[in-house]
Amino acid sequence: MQALRNRIPLAASQSTATEHSFIAARRLATVAPATSASSNHRVVVVGSGSAGIALSHQLLRKGNFKKDDIAIVDPATWHHYQPGWTLVGGGLKSKEDLRRPIHELIEPRLKFYNKNVAAIHPKDNYLTLGDGDKINYDQLVVAPGVTIDYGSVKGLSEAMANPASLVASIYSYDYCDKVFRNIRHLEKGSAIFTQPAGVVKCAGAPQKIMWLALDHWKRAGLYNYSSDQSAIKITFATGLPTMFGVPKYSVALEELREKRGVEGLFEHNLVSIEGNTATFDRPGGREQVKRDFDFLHVAPKNVPHGFVNESGLGNEAGYVDVDQHTLRHKTYNNVWSLGDASSLPTSKTVAAITSQAPVLTRNLLLSMEGKDASQEYDGYTSCPLLTGEKEVMLAEFKYGGVPKETFNEWFGIDQAVPRRAFYHLKKDFFPWVYDRYHVKGQWGGPKGLI
């Protein structure tokens with residue numbers, strides 16, 4: 001007993017009853033180890049980004065749900081308005097103004113697990129969290145977005161992290177403001193803007209920042225449309241064969257590129273950075289191309305989260321394999337997806353989510369009532385292409401690259417022509433409506449308030 005007293009706190013050794021409790025507790029810990037917690041929810045939404053936050057609140061508003069019937073799972077601390085990072089890179093916004101604490105946005109009737117997902121088990125209708133907890137669901141919405149693959153470009157991570165380097169990207173909260181610092185710092189030399197051949201959020205963003213930079217340098221007297229008279233030379237190096245994936249807007253952007261004296265390197269995919277030299281792969285086994293630069297903006301490839309593909313929910317590319325119209329998983333009837341994580345063959349933008357969320361909400365609620373998922377998503381998305389000079393080309397289209405232009409339909413306006421009014425939509429109206437209505441599940445894109 002004396003030996004036992006020497007191993008326990010002095011205050012405890014003064015009470016025989018406490019000694020017995022201590023011994024009992026040690027025995028209990030030995031024979032009955034702690035187990036992980038388990039919870040049950042009617043709907044679990046993985047992700048609280050643009051897709052997850054809007055969908056969760058739309059479900060809550062439209063369906064007959066009690067407190068904690070719907071759960072959101074996300075390990076992040078902040079909710080970001082990512083389309084605004086282009087504006088930050090162009091010196092038009094502060095990145096701190098474009099984020100809010102996630103806890104402020106989630107309605108109290110929603111259960112929030114501020115944790116990461118370790119694995120999804122769709123055959124058994126549950127997922128496990130990073131701390132070992134288990135969450136059972138009746139319906140699952142997978143909307144964690146995508147992640148940035150810095151490893152797709154050798155040397156990119158090191159170059160981005162170096163504050164003195166000439167390399168930055170609007171695709172990172174940490175470095176989007178470094179883009180504008182580098183733009184202001186450059187007074188002469190070669191400026192290269194890249195776009196990967198693979199998937200990237202908002203396919204127009206890699207050139208949006210180019211047009212904003214060109215506009216800044218032009219106003220500073222450093223850029224001239226005639227390359228012979230310009231202190232700065234601009235190159236757009238894209239892994240794609242054209243300026244944009246939708247023919248109507250691609251033609252207009254190509255005309256703009258030629259008019260403004262921007263060199264186009266098509267089917268040039270950035271693979272490495274060494275010092276001030278960028279190396280590009282070419283398709284068909286053609287020889288690599290090396291270019292020296294004095295400014296480099298990189299749009300890295302975007303890739304799905306590993307836990308999605310490991311769960312068996314992903315297609316060959318790792319995106320949640322859903323029907324492109326109903327947004328329901330092709331194998332598991334109680335699994336759904338929208339936004340960047342989904343396999344939907346359209347551009348990955350917030351505008352697409354504003355049209356996807358009402359469709360998924362309606363179909364999921366119908367499914368819970370034992371009815372067919374009858375609502376259909378037509379692939380609508382939008383890409384407000386900042387072209388400099390305080391103008392925007394408002395690209396709107398649906399599946400197949402077919403234009404679906406709101407202002408053309410309403411007023412007969414050709415949206416392939418950059419306009420000042422569209423600039424203010426991008427810079428002022430869209431961030432305002434996102435913060436006031438989208439995150440609350442009240443915004444339906446071109447259809448307005450829900």
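The following exercises, with worked solutions, concern a predicted model.

**Exercise 1.** Work out which strands stand at the edges of the open sheet with the order 14-15-16.

*Solution.* Start with the sheet: three strands form it in the order 14-15-16, and the pairing is antiparallel. Next, look at the partners: strand 14 (269-274) and strand 16 (289-292) each have a single partner strand, so each has one side without a neighbour in the sheet and stands at an edge. From one strand to the next, the twist averages 25°. Finally, turn to one pairing: strand 15 (residues 277-281) and strand 16 are joined over four bridges. In this pairing, Phe 280 is opposite Val 289 of strand 16.

**Exercise 2.** Classify the ring pair Phe 193 and Trp 217 as stacked, tilted or edge-to-face.

*Solution.* The ring centres are 6.4 Å apart, and the limit for a pair is 6.5 Å. The planes stand at 55°, which is neither under 30 degrees nor over 60, so the pair is tilted. Now place the residues: Phe 193 is in strand 11 (residues 189-195) and Trp 217 in helix 9 (residues 205-219), 24 residues apart. Phe 193 has 0% relative accessibility and counts as buried. Trp 217, at 0%, is also buried.

**Exercise 3.** Classify the ring pair Phe 429 and Trp 443, then determine whether each residue is buried or partly exposed.

*Solution.* The planes of the two rings stand at 70°, with centres 6.1 Å apart, so the pair is edge-to-face. Phe 429 has 31% relative accessibility and is partly exposed. Trp 443 has 15%, which is under 20%, so Trp 443 is buried. Both residues belong to one aromatic cluster with Phe 430, Trp 432 and Tyr 437.

Definitions and conventions
Residues are numbered from 1 along each chain as its sequence is written. This is a predicted model: local features need pLDDT of at least 70, side-chain atom pairs count only at pLDDT 80 or more; totals for chains, interfaces and linings use all residues. Side-chain values use heavy atoms; hydrogens and water are left out. Two strands pair if DSSP finds at least two bridges between them. Helices (H or I, at least four residues) and strands (E, at least two) are DSSP runs, numbered from the N terminus. Axes are lines fitted to C-alpha atoms, for helices over the stretch in contact, and angles run from 0 to 180 degrees between N-to-C directions. Rings of Phe, Tyr and Trp (its six-membered ring) pair if their centres lie within 6.5 Å; planes under 30 degrees apart count as stacked, over 60 as edge-to-face and the rest as tilted. Buried means under 20% relative accessible area, exposed over 50%, partly exposed in between (1.4 Å probe, protein chains only).
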